[in-house]
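Trainee: Walk me through this one, please. I'll throw questions at you as we go.

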Amino acid sequence: MEICSRCVLDTSIPNIRFDQSQICNFCHSHDLLLISYPQDEAYLKSELENLVLKIKKQGFKKPYDCIVGLSGGTDSTYTLWLTKQLGLRPLAVHLDDGWNSNIAVTNIKNATQKLGVDLHTHVLDWDEMKSIQVAWLKASLPDACVPTDLAIHGALYKSACQENLKFILGGQSFMTEGTQPREWSYIDGTYLSSINKAHNNNRPLHTIPNASIYKIGYYTFIKRIRQIPLLNYVKYTKEDAKKIIANELDWQDYGGHHYESKWTQFIVGFYNLKKFNIDRRKVSLSGSIRMGNITRDQALQILKEPPEVSEELVDFCIKKVGLSREEWNKILTLEPKNFLNYHSSYQTLKRFSWILRLAVKMDLVTPVLYEKYLG
């Protein structure tokens, strides 16, 4: 298996390519994105100050001036803490899909109470959520967290519209997380509708706010709502962030990347590896290597050991979605697929890529989004 000489991405990654120095195209993509987010401290300070002024101006005389998505994880909790340090007045929005760990629930409560932030929780109907997650498994797709991701985006946009706010601040950072390959994590509302139709009897999903590209286009170009990856505007490392929020917000670590959700831990730590030979840690570790937060040798050492996922958690998740062991074993034997095997908006995105490029130039869409889907 070929591996990048700079990071730890290898030929298990779809569409990976290497140059003459054995450096992969994902590293080159990372460097390209850094042009949009230079790490010069003076530049970052100026950009952040200008962003804060815009947010405060738009939220003048309103109860809040921005929306912050909160999961109880490191990135979102630190983002909420940072918004308060910047003098902003956020409304925290949490999506409850039925999979929160007890630690996540406690972290959300502590963060909002200690920071004096109002919290809105969008609760999904469990039968609806369970049915679409089982549909994803039956569709033999690796990105089984997409229904939750779409619902989160939908809930954030919905809250922004209700409060008449133009800024959603998120904790995503390509610098620390890397960029997941499209084939591993394609997020699209048309895609969800396609899986729902093919494997869930086209069941009505009343409580899942599906974020189709048409709705996102409406929110972006008509309502002028911007999703801002706030952590790209500061010098950020997860270890430093964990220390800060642990000291100031009584935040507790949950043991893995996005493991604040039991479903995510099950899918990422067990299902992806067992069925698809996908180790998503390669992507996040590679992001940290490129930023100098971890050495390549340290990352390779981490990857020698599989993620920690107990058999009890596996049994719990299988039972919670209502699958028998026979049904589960059948799912594991299905031929692996990805979003290209189902109807989605991908071809539409490619056909009208100029619109997305224009949105990036107008600062309505982050270049990270363009690079992932069309770069």
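Mentor: Let's begin with some vocabulary: two strands pair if DSSP finds at least two bridges between them. Helices (H or I, at least four residues) and strands (E, at least two) are DSSP runs, numbered from the N terminus. This is a predicted model, where local features need pLDDT of at least 70 and side-chain atom pairs count only at pLDDT 80 or more, while totals for chains, interfaces and linings use all residues. Residues are numbered from 1 along each chain as its sequence is written, and side-chain values use heavy atoms, with hydrogens and water left out.

Trainee: Okay, strands. Which residue in β5 is the bridge partner of Gly170?

Mentor: Pro229 is the partner of Gly170. Strand β4 (residues 167–170) and β5 run parallel, with four bridges in the pairing.

Trainee: And β5 itself, which residues sit on its two sides?

Mentor: In β5 (residues 226–229), Arg226 and Ile228 are on one side, Gln227 and Pro229 on the other, and all of them are buried. Buried means under 20% relative accessible area, exposed is over 50%, and partly exposed is in between (1.4 Å probe, protein chains only). That pattern fits the general rule: in a regular strand, side chains alternate between the two faces of the sheet.

Trainee: Switching to rings. How many aromatic pairs are there?

Mentor: The count is 22 aromatic pairs. Rings of Phe, Tyr and Trp (its six-membered ring) pair if their centres lie within 6.5 Å; planes under 30 degrees apart count as stacked, over 60 as edge-to-face and the rest as tilted. Trp99 and Trp263 make a tilted pair, with 5.0 Å between centres and 40° between planes.

Trainee: Where do Trp99 and Trp263 sit in the chain?

Mentor: Trp99 is in the loop between β2 (90–96) and α4 (102–115), and Trp263 is in helix α11 (residues 262–276), 164 residues apart. Trp99 and Trp263 are both buried.

Trainee: What about Tyr186 and Tyr373, why is that pair edge-to-face?

Mentor: Their ring centres are 5.5 Å apart and the planes are at 75°, so the pair is edge-to-face. Tyr186 lies in the loop between α7 (174–177) and α8 (189–199) and Tyr373 in helix α18 (residues 367–374), so the pair ties together parts 187 residues apart in sequence. Both Tyr186 and Tyr373 are buried.

Trainee: What does Leu349 touch, leaving out residues up to four places away?

Mentor: Tyr186 and Leu374, where contact means heavy atoms within 4.5 Å. Leu349 belongs to helix α16 (residues 346–351). Its C-alpha is 8.2 Å from that of Tyr373, with the two positions 24 residues apart in sequence.

Trainee: Back to the tryptophans. Which residues form one aromatic cluster with Trp99?

Mentor: Trp126, Trp263, Phe266, Phe270, Tyr271, Phe276, Phe316 and Trp328. A charge sits over a ring if NZ of Lys or CZ of Arg is within 6 Å of the ring centre and within 35 degrees of the ring normal. Lys262 has its charged end over the ring of Phe316, 4.8 Å from the centre, and Lys320 has its charged end over Trp126 at 4.9 Å.

Trainee: Trp328 is in α15, right? Which residues of that helix are buried?

Mentor: In α15 (residues 325–333), Trp328, Ile331 and Leu332 are buried. They fall within an arc of 100° seen down the axis, so they line one face of the helix; the arc is that of the directions from the helix axis to the C-beta atoms. Glu326, Lys330 and Thr333 are exposed on the face turned away. The cover over the buried residues includes α5 (126–138), α11 and α14 (311–320).

Trainee: How many disulfides does a search of the whole structure find?

Mentor: Zero, with a disulfide being a pair of cysteine sulfur atoms within 2.5 Å. For Cys4, the nearest cysteine sulfur is that of Cys7, 3.7 Å away. Cys317 has its closest cysteine sulfur in Cys145 at 10 Å, too far for a bond. Cys4 counts as buried at 0% relative accessibility, and Cys317 is also at 0% and buried.

Trainee: Last one, backbone. What is phi of Lys61?

Mentor: Near 65°, a positive value in a residue other than glycine. Lys61 is in the loop between α2 (41–58) and β1 (66–69) and is exposed, at 75% relative accessible area. Asn201 also has positive phi, near 55°; that residue lies in the loop between α8 and α9 (213–222) and is exposed at 76%.
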